[in-house]
Amino acid sequence: MFPSFTPIHTSRSRRRSKNSAASADDLKLTVDYAEVIRTVEAQLTGKPVYLIETLAQQIAARILGTFPVVKAVTVEVTKPFAPVAAEFEAISVKIRRERA
């Protein structure tokens with residue numbers, strides 16, 4: 001389980017529909033990145049999980065469930081100092097999830 005003091009790094013990328021906010025220059029057609037960050041932070045501070053794979057899946061599901069404009073999400077969770085008997089800089093998992 002990830003105790004509260006375990007450092008975890010996450011990164012996300014999102015894909016929106018082809019009718020993007022950039023072409024319309026309309027904030028209502030895009031994702032509020034501050035809200036995405038708050039959503040991920042809420043997941044990170046919620047119920048603890050044992051696996052970074054589980055955490056990545058939960059973050060992806062939460063983003064897709066919260067932001068209808070997001071069509072796909074790639075989430076990478078990196079855990080430096082993982083309890084593994086080997087020399088390494090960090091362990092990470094990267095997943096991609098799309099709307100059905």
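Modeller: Helices are DSSP runs of H or I with at least four residues, strands are E runs of at least two, and both are numbered from the N terminus. Gln 57 sits in helix 3. This is a predicted model, where local features need pLDDT of at least 70, side-chain atom pairs count only at pLDDT 80 or more, and totals for chains, interfaces and linings use all residues. Residues are numbered from 1 along each chain as its sequence is written, and side-chain values use heavy atoms, leaving out hydrogens and water.

Biologist: Okay, why is Gln 57 called partly exposed?

Modeller: Buried means under 20% relative accessible area, exposed means over 50%, and partly exposed is in between (1.4 Å probe, protein chains only). Gln 57 comes in at 32%, so partly exposed is the right label.

Biologist: And which residues of helix 3 are buried?

Modeller: Those are Ile 52, Leu 55, Ala 56, Ile 59, Ala 60, Ile 63 and Leu 64.

Biologist: How do you know that they line one face of the helix?

Modeller: Take the directions from the helix axis to the C-beta atoms; the arc is the one those directions cover. Looking down the axis of helix 3, the buried residues fall within 160°, so they line one face.

Biologist: What makes helix 2 and helix 3 oblique to each other?

Modeller: Axes are lines fitted to C-alpha atoms, for helices over the stretch in contact, with angles from 0 to 180 degrees between N-to-C directions. Under 35 degrees is roughly parallel, over 145 roughly antiparallel, 65 to 115 roughly perpendicular, and the rest oblique. These two axes come within 10 Å and cross at roughly 140°, so helix 2 and helix 3 are oblique.
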